[in-house]
Every structure is written in C-alpha cells, then in structure tokens.
Amino acid sequence: MRRKLAAGNWKMHGLAADLDQVDALSVAHPAPECDILICPPATLIARMAERAAGSAIHVGGQDCHHADAGAHTGEISAPMLADAGATHVILGHSERRADHGESDALVRAKAEAAHRAGLTAIICVGETETERDDGRTLDVIGTQLSGSLPATARAQNTVIAYEPVWAIGTGRTPSAEQIAEVHAHLRARLVELIPGGDDVRLLYGGSVKPSNAAQIFAIPNVDGALVGGASLKAADFSAIITALENA
Ligand SMILES: O=C(CO)COP(=O)(O)O
C-alpha cells in the first residue's frame with residue numbers, strides 16, 4: 001500500500017511571518033491519513049523544521065547541488081538541507097530545467113546526492129504543450145524518467161511528480177484520462193527500472209486546487225499531489241490534504 005503524499009512547493013514565496021501556516025496545518029491535521037510536506041525557500045527551511053517539530057509536517061528543499069560541498073557560490077548541498085531539518089528535496093522541477101538548463105543527467109546526479117544525504121528525492125517530469133500537441137508526451141516523460149532516476153532509487157527514497165509544464169500556474173489541467181495514461185506509463189517504466197517500482201509514489205502537479213483535488217485523487221496511480229500556488233494558503237492546502245485523506 002503506497003502512503004499518500006500531499007506536498008507543497010512554495011517556490012520563491014514566503015517570509016518568516018508565513019511560518020504561521022505551519023501552525024494552522026498542524027492544528028488542522030494532527031494525525032493525518034497521508035504524509036504532508038512543505039518545501040519553502042531555503043531561507044525558511046531550518047525555522048520551518050523547528051516550527052513543525054512534533055507535528056506530522058515534513059519539510060523539504062526545492063533543489064540541491066550535486067556535490068556535497070565545494071566552491072559553488074550561492075549553492076546549497078543535500079547534506080546542508082538535511083542538517084537544516086529537511087527530509088525531502090524537489091529535483092528537476094520544470095522551472096529549474098527551463099531557467100537553469102538542468103539536464104536529466106544533472107537531475108540524476110542531484111538525486112544521488114540527495115540519497116547520499118538520506119533525503120527523499122521528488123523527481124519532476126513533464127511535457128511542454130508543444131510536445132503534447134506533437135503526440136510526444138509519453139516519449140518525453142519516459143526519457144526524462146530513465147535519464148533522471150539514479151541507480152540508488154528505491155520506493156523508500158524516491159517520489160516521482162508528473163507536472164505538465166502547460167498546467168503549472170495556468171489554471172489548466174489535463175483530463176483524467178490524460179493523467180491516468182501518463183501515470184500508468186510512469187508506473188510501468190518504474191517497475192522495469194528499479195526494484196520495488198510498484199511502491200514508488202506518483203504525484204500529480206499543475207493547478208491542483210481544493211475544487212479539483214478530489215477528482216484528481218480518484219485517478220488510478222495518483223498517490224498525491226505537488227501543489228504550488230494553492231499550498232501558500234493553509235486553508236487551501238488543508239482542503240487538498242483532506243481530499244487526499246478521503247480518496
Ligand atoms: O509547479 C507546481 C508545483 O511544483 C505546480 O504549481 P501550481 O500548483 O501553482 O500550478
């Protein structure tokens with residue numbers, strides 16, 4: 001049985017005052033039926049981990065460097081995230097693939113670094129609108145998955161998030177059939193690629209909101225969500241968590 005996961009990606013949002021969201025969520029979900037994760041900007045990780053101590057809320061990073069330490073100004077390593085209290089790290093988000101030219105090989109090296117540090121890697125894949133229009137979605141996603149997944153990947157340390165680039169922050173979502181098709185493809189590839197691939201959790205991400213969460217969570221092979229905008233307000237994220245608990 002795969003335990004469900006509601007993950008919030010705050011992206012480049014959040015100041016100290018926003019840590020109150022953690023209190024609201026821990027009060028609303030003292031013993032949740034799913035895992036809850038928030039990935040705030042790096043500046044808030046340590047303080048959020050302190051605030052979340054004793055609650056069911058896990059804290060994660062949004063990226064890490066592939067080296068454990070070194071002369072890399074401005075970068076943050078996986079051991080640093082773990083040291084700050086993070087348990088997870090998002091890797092290969094399409095915003096990093098696009099804005100920082102991250103390749104599958106780099107994402108794989110980062111995932112290896114995350115695993116060395118004892119972190120769970122949430123590896124993101126997703127097609128652009130042009131790739132979908134060209135009928136290349138499954139090819140693109142299959143290539144990203146096999147290229148980004150390290151040999152160290154197991155169900156205990158790896159989560160895959162399917163985030164269609166065209167659905168991120170747009171209010172548009174794929175149809176249930178489209179999500180089901182991609183998640184079934186990811187599941188089949190994971191079973192081929194790693195031992196215990198059937199137990200790896202598959203998240204959907206892209207314009208998940210309280211109003212569409214229950215429909216999305218009813219789709220086969222959807223084990224949770226990676227939520228952007230709607231994770232910034234505790235009330236919205238809480239409604240999504242409740243939908244996941246009830247799925
Ligand atoms: O990119 C996302 C999460 O990583 C999705 O963002 P939105 O939920 O804002 O569309």
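**Exercise 1. Which residue of strand 7 does V159 stand opposite?**

Solution. The model is predicted.
- Start with the pairing: strand 6 and strand 7 run parallel and are joined by four bridges.
- Now find the partner: V159 stands opposite R201 in strand 7.
- Turn to strand 5 (residues 120–125), which runs parallel to strand 6 and is joined to it by five bridges.
- There, C124 stands opposite A161 of strand 6.

**Exercise 2. Sort the residues of strand 6 by the way they point, and state whether they are buried or exposed.**

Solution.
- Recall the rule: side chains in a regular strand alternate between the two faces of the sheet.
- One way point T158, I160 and Y162; the other way point V159 and A161.
- Both sets are buried.
- The count agrees: five of the five residues of strand 6 (residues 158–162) are buried.

**Exercise 3. Find the buried face of helix 1 and say what covers it.**

Solution.
- List the buried residues: Q21, V22 and L25 in helix 1 (residues 20–28).
- Look down the helix axis: these buried residues fall within an arc of 100 degrees, so they line one face.
- The general rule helps: an α-helix has 3.6 residues a turn, so residues three or four places apart point the same way.
- Check the other side of helix 1: D20 and V27 are exposed there.
- Name the cover: it includes strand 2 (35–39), helix 2 (45–52), strand 3 (57–61) and helix 10 (234–245).

**Exercise 4. Compare the settings of K11 and S207, two residues with positive phi.**

Solution.
- Most residues other than glycine have a negative phi.
- K11 is not a glycine, yet its phi is positive, about 50 degrees.
- S207 also has a positive phi, near 60 degrees, and is not a glycine.
- Place them: K11 is in the loop between strand 1 (5–9) and helix 1, and S207 is in the loop between strand 7 (201–205) and helix 9 (213–217).
- Count C-beta neighbours within 10 Å, where 20 or more means buried.
- K11 has 19, so K11 is partly exposed.
- S207 has 22, so S207 is buried.

**Exercise 5. Describe the largest nonpolar core and one of its members, L91.**

Solution.
- The core has 66 residues.
- Those with the most contacts inside it include A7, V89, L91 and I240.
- Helix 10 gives the largest share, six residues.
- Leave aside the neighbours of L91 within four places in sequence; its contacts then include D63, V107, I122 and C124.

Technical notes:
Residues numbered from 1 in each chain as written. Predicted model: local features only at pLDDT ≥ 70, side-chain atom pairs only at ≥ 80, totals over all residues. Buried ≥ 20, exposed ≤ 12 C-beta atoms within 10 Å, placed from the backbone. Helix = DSSP H or I, 4+ residues; strand = E, 2+ residues; numbered from the N terminus. Arc of directions from axis to C-beta. Contact = placed C-beta atoms within 7 Å. Core = buried A, V, L, I, M, F, W, Y, C linked by C-beta atoms within 7 Å. Pairing = 2+ DSSP bridges.
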